[in-house]
Amino acid sequence: MTNLSSIVTSVYLPIVAAVGSGILISKLLVSYGGATGERYSRSIPSFLAQFLLRVGIPIGIANFVRNAELSANAWIAPVTACLVIGLGLLFSSYVLGSRKSISLNTRRSFQLSSYIGNTSYIGFPVVLLLPQLGPNYFGIAVLYDIFGTILGGYGLGSWIATRGDGGDNSNGFLSALVRTSKLLYKNPSLIAFGVGLLLKLVEIPDLLSNILSVIAWTSIMLALLTMGMRIEQLSGSGSFQLPLKAVLIKMIAVPILVGALLTATGFAGPERLILVLQSGMPCAFATLVLAENFNLDRALIVQSLIISNVVLIFTLPIWVIALTSW
C-alpha cells in the first residue's frame, strides 16, 4: 500500500494535473474561441512541441544527466532498447501473420505501434517523479530513449514505413534514409546527452544550476501539458481490435519478457525498474509523425495512442510494486 500511495501522490497527481490542464485548455479554446480558438488549440501544442524538442527537453536532459549517476551497467539500456524493438517486431509479425486482408500501410502502422514508446514526454516524468528513482537514475532513461525511440523510432521506423515487409525498392530505401537523417538532425537529444556528460567535468555556479533545474522541470511539466492538448484532439473510430493487440504487445508482453530476462541475468533494483517502465510506456506520438510523413494508417495509430495512455494507468503501479526489491 505504501508503494501504491507514493505512486499516486508523487506520479499520478502531477501527471494528471498537467495532462488534465492541457486537455482543459484545448477544450476551452475550441468551445469558447470559435474558429480562432480552434486554430490556437492546434497551433499552441505544435509550437510547444517544437520548443520542447529543440530547447526545453535538451536543456532538461543536459541538466539531469549532469546530476545523474551512470553506473558501469549503463550499457544495458541500449541493449534492452534493441531487445524491445526486436521483440515488438517479432510479436507483431506473429500476430499479423500472412493475412492478405491487412493492407501494407496498416501492417506497417501496427509494427511501429508495437515497439515505439513515449519514453520522453511520459517516460522521463515517470522516472523523475517516482520516489524509488528520481534524477540520480535519469541517465539510464535517456540512453534508452536515444536508442529505443530516437534511433529505433525515427531511424528504423522510417525504414519500416518506407520498405515495410522487405521489398527491394532502392529508391524507397534512399528516400527513407534522407528523411531519417533530417528527422535525426532535428532532434538534439543525443547532443544534449553529450553536453550533460561534459558538464559533469566543470563546476557550475549555484545560480546557473538553479536556473537550469527550473527550466528542466518546467519543460517536463510543459511536455505533459502538451500531451494533454494533443490527446484531447485525438478521435478514434472503427474497430479497436487491431490497435488493442498492438498495445498489448507494447505494454504487456514485451515488458514482461524484458523484466524476466533482466532478472534472469542478474539485473535488479532501479536499473531494472527503469528499463521495464520505459519498455512499457504508451505508444509514442512519433508514430503519428511517421504516419503523416509516410502516408500510413493514421486511424490505427490514433486508436493505439488512445488505448495505450489509458492502459498506463493500470500497468504503472503493477511494474513498480512487482519490481521494487531494494
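The following exchange examines the architecture, core and surface of this predicted model.

Visitor: What pattern does the protein follow when read along the sequence?

Guide: The model is a predicted one. Its secondary structure comes to 13 helices and 0 strands. Read from start to end, the pattern is therefore α-α-α-α-α-α-α-α-α-α-α-α-α.

Visitor: How far apart are the end C-alpha atoms of helix H9?

Guide: Helix H9 covers residues 206-233, which makes 28 residues. At 1.5 Å a residue, such a helix should span 40 Å. The computed distance agrees with this expectation, the end C-alpha atoms being separated by 41 Å.

Visitor: Which residue with a positive phi follows H3?

Guide: Helix H3 takes in residues 76-96, and its 21 residues should span 30 Å, in agreement with the 30 Å between its end C-alpha atoms. Its buried residues include Ile-76, Pro-78, Val-84, Leu-87 and Leu-96. After H3 comes a residue with a positive phi, near 60 degrees, and that residue is Gly-97.

Visitor: Which helix gives the most to the largest nonpolar core?

Guide: The largest nonpolar core has 88 residues, and those touching the most other members are Val-11, Ile-61, Val-126, Phe-138, Leu-277 and Leu-316. With 11 residues, the helix that gives the most to this core is H6, residues 138-163.

Visitor: With which residues is Val-126 in contact, leaving aside its neighbours within four places in sequence?

Guide: Val-126 is among the core residues that touch the most other members. Contact here requires heavy atoms within 4.5 Å. Once the neighbours within four places in sequence are set aside, the partners of Val-126 are Val-11, Ile-15, Leu-277, Met-281 and Leu-316.

Visitor: Is Leu-273 buried or exposed?

Guide: Leu-273 has its place in helix H11, residues 269-279. In space, its C-alpha lies 9.7 Å from that of Ile-321, although 48 residues separate the two in sequence. A residue under 20% relative accessible area counts as buried. Since the relative accessibility of Leu-273 is 0%, the residue is buried.

Visitor: What percentage of the contacts with a separation of 6 or more is accounted for by residues 24 or more positions apart?

Guide: The protein has 326 residues, of which 51% count as buried. Among contacts with a separation of 6 or more, the share that joins residues 24 or more positions apart is 86%.

Visitor: How many residues apart in sequence are the parts that Glu-232 and Lys-27 tie together?

Guide: Side chains of opposite charge can pair when their charged atoms come close. The structure holds 1 salt bridge, in which the side chains of Glu-232 and Lys-27 meet at 3.8 Å, N to O. Because Glu-232 lies in helix H9 and Lys-27 in helix H1, the pair ties together parts whose separation in sequence is 205 residues.

Visitor: Are Glu-232 and Lys-27 buried, partly exposed or exposed?

Guide: The partly exposed class lies between the limits of 20% and 50% relative accessible area. Glu-232 has 22%, and Lys-27 has 42%. Both values fall between those limits, so Glu-232 and Lys-27 each count as partly exposed.

Visitor: What is the area of the nonpolar surface patch made by Leu-24, Leu-28 and Tyr-32?

Guide: The accessible surface of the protein comes to about 14,500 Å², with 67% belonging to carbon and sulfur atoms. Leu-28 is found in helix H1, residues 2-32, and counts as partly exposed because its relative accessibility is 42%. Together with Leu-24 and Tyr-32, Leu-28 makes a nonpolar surface patch of about 370 Å².

Methods. Residues numbered from 1 in each chain as written. Predicted model: local features only at pLDDT ≥ 70, side-chain atom pairs only at ≥ 80, totals over all residues. Heavy atoms only, no water. Helix = DSSP H or I, 4+ residues; strand = E, 2+ residues; numbered from the N terminus. Expected span 1.5 Å × (residues − 1). Core = buried A, V, L, I, M, F, W, Y, C linked by side-chain atoms within 4.5 Å. Buried < 20%, exposed > 50% of the residue type's maximum accessible area, 1.4 Å probe, protein only. Patch = residues over 30% accessible without salt bridge, like charges linked within 9 Å, V, L, I, M, F, W, Y side chains within 5 Å. Areas by Shrake-Rupley, 256 points an atom, 1.4 Å probe, with all protein chains shown as cover. Salt bridge = Lys/Arg side-chain N within 4 Å of Asp/Glu carboxyl O.
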